[in-house]
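Here are my notes on this model, as numbered points. Please read them with the coordinates open.

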Amino acid sequence: MTTLADLLLIVVILVDLFALASSRLGALIRIVALQGLALGLLPLIAHHEQLTWRTAALAGGSLALKGAVFPWLLLRATRQDSVRRELTPFVGYTASLLAGVAIVGAAFVMGSRLPLPFPAVSDLLVPVALSTTIIGQFLIVSRRKAATQVLGYLVLENGIFVFGLTLSVRMPALVEMGVLLDVFIGVFVMGLAVRHIQQEFDSIDASQLTHLRDLP
Amino acid sequence: MIAPAAVFLLGLALAPLTGGLIVRVKSLAAGRTGPPILQPYFDLARLWRKGTVRSTSTSWVFASGSVITAAATAAALALVPAGGVRAPLAFAGDAVLLVGLLALGRFAMVLSAMDTGSSFEGMGASRETAFSALAEPVLMLVVASVARASGGLSLSEMLGPGLPAAWGLHGASLALAAAALFVILLAENARIPVDDPATHLELTMIHEVMLLDHSGPDLALMEYASALKLWIFGALLAGLAVPVRTGWEALDLAAFLAGTAAAAAVVGLVESSMARLQLARVPQLVVGAGALAAFGVVLGVRA
Amino acid sequence: MITILVAAALLVAGGLGAWLASARPVVAGRIGLAAAAAGCALGTAGAAGAWARGGALRLAWSVPYGELHLRADGLASLFLILIFPVGLLASLYGTAYWKEHLAPSRAGAAWLFHNLLLAGMVLVVVAANGILFLLAWEVMSLASFFLIAVGDDRDPAVRDAGRLYLVATHAGTAFLLVMFALLASGSGTMDFPAWERAGGPAAGAAGFLFLCALIGFGTKAGLAPFHVWLPEAHPAAPSHVSALMSAVMIETGLYGLLRSLGFLGEPPLWWGAALLGVGIASGILGAYFALLQPDIKRALAYSSVENAGITAAGAGLGLAGLSLDQPAMAALGFGGALLHVVHHALLKALLFMGAGCVALATGTRRIDRLGGLARRLPAEGRLFLVASAALSGLPPLNAFAGELLLYLSALSGLLALDGPAALLPAAAVAGLAMTGGLAAACFARLAGIVWLGEPRTPEAAGASGTPAGLRRPMTVLAAGALILAVLPAAGLALAAPAAAVCLAAPPGSSPAWEAGRAPMMWLSAGAVLTALLAAAVWRLRERRPARGASRTGPTWDCGYDLPSPRMQYTASSFSSPLASLFTWIPSGRVRGEAPAGPFPVSASYDVEIARPFQERIYRPAFASVARGLARLRWLQHGRVQLYVLYIVVTLIVLIVRLLVAGETP
């Protein structure tokens, strides 16, 4: 039986796959925001019987950050960028997509073998967490643009968030806050840096950064 | 009790209607009235009565190509259930035979195109084989996903009375399969965003360009085979996505026909609202559908 | 059983006779052909008997551990049923082919190795003793090596291909030696039935032995990544030898693999998964590389890699079914794999013979230099095109039946299993479909560019009929394929006893037949329905009330005024949309000059097809081995005395060691 929580988790994976196949930055930023929204709703649905003000506030904060602030920052940062598409990535979109399918499959195989201390809300939780983290890392490694890499970090963070959900509502609060802060600073700095690099060098191809060195 | 043979004859008779319906939806979306819905029938009848002009480059392959394509696609139709109503031929593994017969029809069409020695037709043949080589695994994954969810090995079982229960248990998996099937419907039937059935710019075409040297009854057979293929995909999609299995066959059949009409309407709306994809992006679309179907299978098998 | 032995002896004797008569080529050819034909005819009868009744023969043999133990169970007799008739047809074709293509002085040697190859293959599949098996294996490998080289050993390409084959086949045999030695040391015998009864070696060793079998037999079967010799050797060999090698010799690799699985006991799941993975990889890579090749026979050779992959994938499904305790999946997997072996043997022999006809009629095998042959060689064209469609796995032609059983095996596994294990058959479904799609593209290209359209060169335009001696064996093969297309159940009945051996089914039962019979019957119905529909449509079209007349004219081609055959789509442009999807497989280097300016004067385009496995993996590996061994070169100096000294020192060291250890061997 497919529950609402399952449905949200399926959306999370579909976003993962879409992120691997998409070359348009704008669409990518929005779809990752959608992933953040789905995940922000998840604790409210999954743990609604133990809902406290604190978890509600946490979920609300996460929703606001991932659903509104991050996309706004990123969209603003990339707005001036003349090239709205990702440059030719290190791994092509079709190959990325196939790799993504393989990752999801492997995550399900691994997830079924990973013992959990207590039953999770959904048996999809662990596979989704694994595949989202790995696909986030895959995005960071395989893409050229700084903005896409930031989105990879966001996907990675979403994966960690799902991992947190496997434990319970209260426990990960601190962890989640820490990670969220990290990513927030990361996105903020990256957003600024991207704009400045853009203004300075007319390009935000991160692989060009290797040329920035003191020695000839 | 509706005889399975009636399902087959119904498909043979109604297949060209789908194309007419799509054109009508597109016209309405563009604010025009458009040609009559029955126009495809008139076209087929007109072509059928004409004489043929065959290229001097062609051999027996061209002469038999259109016949084989039409016959293979018609034989494939015999395996397709009309929603909950069984198909005349139904056995374990008939879905594989269906995919194979469609591939036979395509193979004959590709060889006919290459038999003319035309570079345009060679180009269409090359693209058609490339995209269908990618579409075939996706289609088989859809079959696998639906088989897993419904527990049947033949199409008539898969889409049979157990389907509503399967939607309840494996709804996500079946929805992903249906989405992938829709993309394959677009790709395999030369619809926008993969191919444009209305274009007359040879360099951008896939399916139409293979038929440039077909005329008269040869062209009619090829066009009819395309209509049958569109009907087959529409019927599979409607059978999967409209799980109305009341047990009253007339009602089920009506729901199925409404489903195919709806599928045609959706195709028409997609065609009205989207642009053709760059050719290099088509594989991405098909592989994306494959990713959906594969994810559907993964969701379906979790214990 | 004795009939088969006599047939093999007849083959060897005839070969030797032909060789002795080398001075008179006509006589040598006659002796060779007579022995091959008689041996194969006799053997076919014997094989049919063995298939129906089984058979065994034990004779003492004065070799340590050796015994002339021959056995024809279901598995062996299926391969005998392929080897003898295909051998017969290949010999008939070879007589006509060698008449055109072979220096008369070579006739004796050619027939010797041809008949030795046949006898070697026969002995490989009936041997029930490890020593005998390895001996036959070696005879088969060496005979085929000489057959590759016998045509034209001055041609460097042929020489290189032969050398590569020799190295590859012996590298494979090395793994087999290790496996057989370990099995023998564990059980103290080289007897196959004894190994089968023992129920497998210790658990740890079994996995290692499985890998040895996979690599050793996989090399012969042409499974990727051990296939590198195959696309080189097949084009270099004469066409009927390619047919023989591709249709039956590489299948002995599969036979060996299936046979040795019986020695290894209960299979763990990873064996099936590994075999399935190797099979799917071979299928996809083989079909993909076949799509790129500029040479007909090379493309067909890669298609053999693809089909070996399909067969291995089926065996992998069967093995996985055994370890997962899914009897239907196992039965359909092995049944489908063995049925596919039968179909592939018929079709690939036919296709290689067809390629030989093309080469003979036009003098070239380059796909881009051909075209329009269907109107110049109509009979050959009909056979080749239908066989192409069949080997693409299209229904209602014969090869579809085997693939249907494989899909059914995977689907029934998918339905019965839960959790991650079910992903294995699901991956098989996707992989098989990908292989099928690529194979269809590959054969559409071969059929379309070579046979259809207009001839691209004067060679192709001037092609005229080939000797009837070449066409007759092809017609027989096509008739066989046609019968199996209408009656796929007959093929399954043929293969089912072999599958029963793989499944270790109790005698008298035939699980593959039970599981696959119904779909085969339905398939007959589908084939008949398709044929009837085609006939009806044809008749309707001929009888329709037409208003206009039917005319012929030049190809319209969007109104081009002066169409030229050079404007046709070429083989490399045909494959480019798919090739551009697999850019991550290093597949070729493009050389050429793009047209520039509004009125380009010159432009050129050439693709050199890469051999990534050879260039990226094997060559560096062999080079580093050579570098390592170069350090030992000081041992080699050419002085015989010192070599003798090495031997003496070794002997003394061994004796001293024995004395110190106080043991006696």
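1. The B–C interface comes first. Chains B and C bury about 6,400 Å² between them, and carbon and sulfur atoms give 74% of that area. On the chain B side, B:Trp60, B:Phe107 and B:Met114 supply 10% of the area buried against chain C. No other three residues of that side supply more. Keep in mind that this is a predicted model.

2. Contacts across the same pair of chains. In chain B, 74 residues are in contact with chain C; in chain C, 78 residues are in contact with chain B.

3. Polar features between B and C. The count of salt bridges here is two. One salt bridge joins the side chains of B:Asp218 and C:Arg541, at 2.8 Å from N to O. Residue pairs in polar contact between these chains number 22, with both residues at pLDDT 80 or more.

4. Which elements of chain B face chain C? Those that give two or more residues are α2 (39–49), β1 (53–55), α3 (60–77), α4 (94–115), α5 (119–150), α9 (216–241) and α11 (282–301). Helix α5(B) gives the most, with 17 residues.

5. Now the B–A interface. Here 17 residues of chain B are in contact with 20 residues of chain A. The area buried between the two chains is about 1,500 Å², and carbon and sulfur atoms give 71% of it. In chain B, the residues that lose the most area to chain A are B:Gln284, B:Phe295 and B:Arg302. Together they account for 37% of what that side buries.

6. Polar features between B and A. The salt-bridge count is zero. One residue pair is in polar contact, with both residues at pLDDT 80 or more. On the chain B side, the elements that give two or more residues are α7 (163–188) and α11. Helix α11(B) has the largest share, with nine residues. Note that α11 of chain B is also listed among the elements that touch chain C.

7. The nonpolar core. The largest one holds 374 residues. Which members touch the most other members? They are C:Phe133, C:Ile296, C:Leu338 and C:Trp451. Helix α13 of chain C (residues 327–362) provides the largest share of this core, 21 residues.

8. A look at C:Ile296. Leaving aside residues up to four places away in sequence, C:Ile296 touches C:Ala355, C:Val358, C:Arg365, C:Ile367, C:Leu370, C:Phe384, C:Leu446 and C:Val450.

9. A strand pair in chain C. Strands β1 (residues 55–59) and β2 of chain C run antiparallel and are joined by five bridges. Within the pair, C:Ala56 stands opposite C:Arg71 of β2(C). Strand β2 of chain C spans residues 68–72, and four of its five residues are buried, so "mostly covered" is a fair description.

10. A last site, C:Thr173. Is this residue buried or exposed? It counts as buried, because its relative accessibility is 7% and the cut-off for buried is under 20%. C:Thr173 is found in helix α6 of chain C, residues 156–187. Beyond residues up to four places away in sequence, C:Thr173 touches C:Trp137 and C:Glu138.

Definitions and conventions. Residues numbered from 1 in each chain as written. Chains lettered and ligands numbered in written order. Predicted model: local features only at pLDDT ≥ 70, side-chain atom pairs only at ≥ 80, totals over all residues. Heavy atoms only, no water. Buried < 20%, exposed > 50% of the residue type's maximum accessible area, 1.4 Å probe, protein only. Contact = heavy atoms within 4.5 Å. Pairing = 2+ DSSP bridges. Core = buried A, V, L, I, M, F, W, Y, C linked by side-chain atoms within 4.5 Å. Buried area = accessible area lost by both parts, 1.4 Å probe. Salt bridge = Lys/Arg side-chain N within 4 Å of Asp/Glu carboxyl O. Polar contact = N/O pair within 3.5 Å; in protein donor to acceptor, adjacent residues only side chain to side chain.
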